[in-house]
Amino acid sequence: MPARPAPETANSGTTSPTKRINLGLQGGAMHGAFTWGVLDRLLADERIEIEAVTGASAGALNAVVLAQGLANGSRDEARATLREFWERMVKLFSATPLGLASKMTGSSQWSLKNSPIYVMLDIASRVTSPYQFNPMNFNPLRVLLSDMIDFQRVQSNSALKLFVSATNVETGRARVFHREELTVEHLLASSCVPSAFQAVEIGGKYYWDGGYMGNPPLWPFFDHSTSSDVVIVQIDPFYRQGVPKTAADIMERMTEIVFNASLMHEMRMVDFVTRLIKDGRLKHTGYRQILMHMIGDADLFGPLGASSKLNTSSAFMEKLFKGGVAAADRWLVAHFDDIGQKSTLDLRAIFQGSGTSQNGAGLKQTHEAPA
């Protein structure tokens, strides 16, 4: 069912209806700076009200930093807090081997896969574990998050519904943590890459990166949000032209497919339920129609390989940020009036292999057999 009418607010001297949305933020390390740009543009538009956010990995970091900024008192505070976080991220990792590799790589597609430092680190991660090369389990993110985030304040800010996913190492299932329980450990769990960091213990259970089983999770919106509009901020492309031939390219594409698998499954279920509702086969069952949207940029992310997710240069961060701002702006111009009215993401086209580029979504034409 469409979202309920919302109150009106002023925007650039005009009166427009405020529209409530839910945001699903994908993970992707430094590619999360694109999501920062999307958030910055949405926060700048007072016609948009963010009701709930789910996130995995870098998406979870963005979500909690957003919550911290809003808890500080305003949209402008949130925008400033997000910028501070990403600028400090770059400074934090600039002194690491990855920071050195990033400085030496330059802007040739921002890839690190030809960097000797990156290649050595990649090889080392395949023959040694973080329990061996990092026995003290040092994670620089812990220092940054502990310094920037007042978790008690985030937990008590009921104005924003917040959900963070992590993957249970033993069961392989996704676990979604709610705003009221979040601590630094939950964020470290959601962003725990198994080849780089030891599994994070929470309540006697161990967790890895949330992107494996919920990137991002959509199901919290169905039970905990009144808005029917879900906007996914995509940074892992569904489609990539050509067959990878080198070992590095094969691994990168495998990673993208794995981190999109859970999202594809959830979107397929949304599409299935939507068709049942439209056919009148789910009357009075408590189900409601979910309106799906996506903000992404296939032209930006198409040339970027997975190794660029670890490029920590400030120039790359700003490029991604500006790309996110531009993508969100295109989406708002094209689809603001559609919020609360209809989906702007054609799920059938994605699953049947006939998806084409959409303004702000970044879908590329495919030629696969119908699902």
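A charge is taken to sit over a ring if CZ of Arg is within 6 Å of the ring centre and within 35 degrees of the ring normal. In this predicted model, Arg47 meets that description: Arg47 lies over the face of Phe336, at 3.8 Å from the ring centre. A second case involves Arg83, placed over the face of Phe321 at 5.0 Å from the ring centre. Aromatic rings also pair with one another. Such a pair is described by the distance of the centres and the angle of the planes. The count of aromatic pairs comes to six.

The protein chain contains 14 helices and 10 strands. Of its 371 residues, 52% are buried. Among contacts with a separation of 6 or more, 74% join residues 24 or more positions apart.

The largest nonpolar core has 68 residues. Within this core, the most contacts belong to Leu23, Phe34, Val53, Phe85 and Leu145. Helix α13, spanning residues 314-335, gives the most to the core, with eight residues. A second, separate core has 18 residues, including Ala52, Val230, Leu347 and Phe351. The surroundings of Leu23 were examined in detail. Beyond its neighbours within four places in sequence, Leu23 is in contact with Leu39, Leu42, Ile50, Ala52, Val53, Thr54, Phe221 and Val231.

Open space was considered next. Rolling a probe the size of a water molecule over the atoms shows where empty space is left. The largest pocket holds about 1800 Å³ of space. Its lining comprises 50 residues. Closest to the pocket centre are Leu98, Val193, Ser195, Ala196 and Leu310. Several helices supply at least two lining residues each, among them α2 (58-71), α3 (75-94), α4 (97-105) and α5 (116-127). Helices α7 (140-148) and α11 (247-278) do so too. The most comes from α11, with eight residues of the lining.

Several loop positions were then inspected. Leu160 is found between α8 (151-156) and β5 (161-168). Leu160 has a relative accessible area of 2%, and therefore counts as buried, because the cut-off for burial is under 20%. Setting aside residues up to four places away in sequence, Leu160 touches Ile50, Glu51, Ala52, Val53, Leu66, Ala67, Leu70 and Arg179. Glu49 is 111 residues from Leu160 along the chain, yet their C-alpha atoms are separated by 9.8 Å. Ala52 and Val53 are thus named among the contacts of Leu160 and also among those of Leu23.

Ser115 occupies the loop between α4 and α5. Its relative accessibility is 8%, so Ser115 is buried. Outside residues up to four places away in sequence, Ser115 touches Ala101 and Thr105.

Backbone geometry was checked in other loops. The peptide bond from Asn215 to Pro216 is cis, with omega near -5°. Pro216 lies in the loop between β8 (205-208) and α10 (219-224). Positive phi values appear at two residues other than glycine, Ala29 and Ser57. Phi of Ala29 is near 50°. This residue is placed in the loop between β3 (19-25) and α1 (32-44). With 31% relative accessibility, Ala29 counts as partly exposed. Phi of Ser57 is near 55°. Ser57 sits in the loop between β4 (48-56) and α2. In contrast to Ala29, which is partly exposed, Ser57 is buried, with a relative accessible area of 9%.

Note on methods. Residues are numbered from 1 along each chain as its sequence is written. This is a predicted model: local features need pLDDT of at least 70, side-chain atom pairs count only at pLDDT 80 or more; totals for chains, interfaces and linings use all residues. Side-chain values use heavy atoms; hydrogens and water are left out. Rings of Phe, Tyr and Trp (its six-membered ring) pair if their centres lie within 6.5 Å; planes under 30 degrees apart count as stacked, over 60 as edge-to-face and the rest as tilted. A nonpolar core is a set of buried Ala, Val, Leu, Ile, Met, Phe, Trp, Tyr and Cys residues joined through side-chain atoms within 4.5 Å. Buried means under 20% relative accessible area, exposed over 50%, partly exposed in between (1.4 Å probe, protein chains only). Helices (H or I, at least four residues) and strands (E, at least two) are DSSP runs, numbered from the N terminus. Contact means heavy atoms within 4.5 Å. On a 1 Å grid over the protein atoms alone, a cavity is a set of points where a 1.4 Å probe fits but cannot get out, and a pocket is an open set with protein on both sides within 12 Å along at least five of seven lines; lining residues have an atom within 4 Å of a point. Grid points are joined across faces, edges and corners, and a volume is the space filled by probe spheres set on the points.
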